[in-house]
Amino acid sequence: MDFLELSKLRQSCRSFSSKPVPKEMVEKCLEAARLAPSACNSQPWRFIVVSSPEVREKVAEAAFSGKYSMNEFAKKAPVIIIVARDKDKLVPAVGGMFMGTNFSLVDIGIAVEHLVLAAAEQGIGTCYLGIFDEKDIKKVLKLPRNLKIELVVPMGYPENETIRVKSRKLLDEIITRI
Ligand SMILES: Cc1cc2nc3c(=O)[nH]c(=O)nc-3n(C[C@H](O)[C@H](O)[C@H](O)COP(=O)(O)O)c2cc1C
């Protein structure tokens, strides 16, 4: 598929069908994420793939209840990917401090974009979620302290396949040509 077409196709899915996503499709998305570039090739990402119905239900309840219920649509997704960032490695951390940038967060963003584009290419819906109960997810999954959950990505077949027109700034608003 043409890359621009794929970029238009990828959109936040907030209504998931309960139809299961074949494991090979999820694996393809994870492989795309694995191949992402990162500062000093540090690969700070960790993906916890939650697809067993029992655990998924517990994680979804923990993540998207109470003050996090704005994202409760994600409870229906058959797969939930927890994207965690491992403790910074010394060289990119020092480089990032020098530049006033958090390289590992940039890395996580790139890897997740690989993942969601690979999903879109296969007709699978996803949504970046930055709002969730991190403490309770960590409790349910017994995640170690060195992992910081940065994003949660629900995955599943979209209930509605209509592709929306993107609401974006114009090129002239975001580009300076010199
Ligand atoms: C880092 C990040 C965090 C986001 N967090 C949420 C969220 O918590 N809930 C939600 O519904 N959408 C969330 N979104 C999705 C954005 O709202 C969405 O990408 C944006 O409005 C553009 O729409 P589109 O993805 O359909 O193109 C997030 C997106 C990003 C990149």
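Colleague: In which element is the place of Lys139?

Modeller: This is a predicted model, in which local features need pLDDT of at least 70 and side-chain atom pairs count only at pLDDT 80 or more, while totals for chains, interfaces and linings use all residues. Residues are numbered from 1 along each chain as its sequence is written, and side-chain values rest on heavy atoms, with hydrogens and water left out. Helices (H or I, at least four residues) and strands (E, at least two) are DSSP runs numbered from the N terminus, and under that numbering the place of Lys139 is in helix 6.

Colleague: Is Lys139 buried or exposed?

Modeller: The words depend on relative accessible area, where buried means under 20%, exposed means over 50%, and partly exposed lies in between (1.4 Å probe, protein chains only). Because its relative accessibility is 60%, Lys139 counts as exposed.

Colleague: With which residue does the side chain of Lys139 meet in a salt bridge?

Modeller: A salt bridge is a side-chain nitrogen of Lys or Arg within 4 Å of a carboxyl oxygen of Asp or Glu. The partner of Lys139 also lies in helix 6 (residues 134-141), three residues apart from it, which is about one turn of the helix. At an N to O distance of 3.7 Å, the side chain of Lys139 meets that of Asp136.

Colleague: How many salt bridges does a search of the whole structure find?

Modeller: One of them joins Asp136 and Lys139, and another joins Glu61 and Lys75. A search of the whole structure puts the number of salt bridges at nine.

Colleague: How many residues apart in sequence are the parts that Glu61 and Lys75 tie together?

Modeller: Glu61, at 43% relative accessibility, counts as partly exposed, and Lys75 is partly exposed as well, with a relative accessible area of 22%. Their side chains meet in a salt bridge of 3.3 Å, N to O. Glu61 lies in helix 3 (residues 53-63) and Lys75 in the loop between helix 3 and strand 2, so the parts that the pair ties together are apart in sequence by 14 residues.

Colleague: Which residue in strand 1 forms a salt bridge with Asp86?

Modeller: Asp86 counts as buried, at 19% relative accessibility, whereas its partner is partly exposed, with a relative accessible area of 34%. The two side chains meet at 3.1 Å, N to O. The pair links distant parts of the chain, 40 residues apart, with Asp86 in the loop between strand 2 (79-85) and helix 4, and in strand 1 (residues 45-50) Arg46.

Colleague: With which side chain does Arg85 make a polar contact?

Modeller: The place of Arg85 is in strand 2, and Arg85 is buried, with a relative accessible area of 14%. A polar contact is a pair of N or O atoms within 3.5 Å; within protein, one must be able to donate a hydrogen and the other to accept it, and residues adjacent in sequence count only if both atoms are side-chain atoms. At 2.6 Å, the side chain of Arg85 makes such a contact with that of Glu150.

Colleague: What share of the ligand's accessible area does the protein cover?

Modeller: Taking a residue as near when one of its heavy atoms lies within 4 Å, 15 residues surround the ligand, the closest being Arg10, Ser12, Arg14, Asn71 and Arg168. A polar side-chain atom of Arg14 lies 2.8 Å from an oxygen atom of the ligand, while a backbone N or O atom of Tyr128 lies 3.1 Å from a ligand nitrogen atom. Accessible areas come from the Shrake-Rupley method with a 1.4 Å probe, and for residues only the protein chains shown count as cover. A backbone N or O atom of Ile131 lies 3.4 Å from a ligand oxygen atom, and of the 620 Å² of accessible area that the ligand has on its own, the protein covers 62%.

Colleague: Where is the place of Lys142, a residue with a positive phi?

Modeller: Most residues other than glycine have a negative phi. Phi of Lys142 is nevertheless near 50 degrees, and Lys142 is exposed, with a relative accessible area of 73%. The place of Lys142 is, with strand 4 spanning 148-156, in the loop between helix 6 and strand 4.
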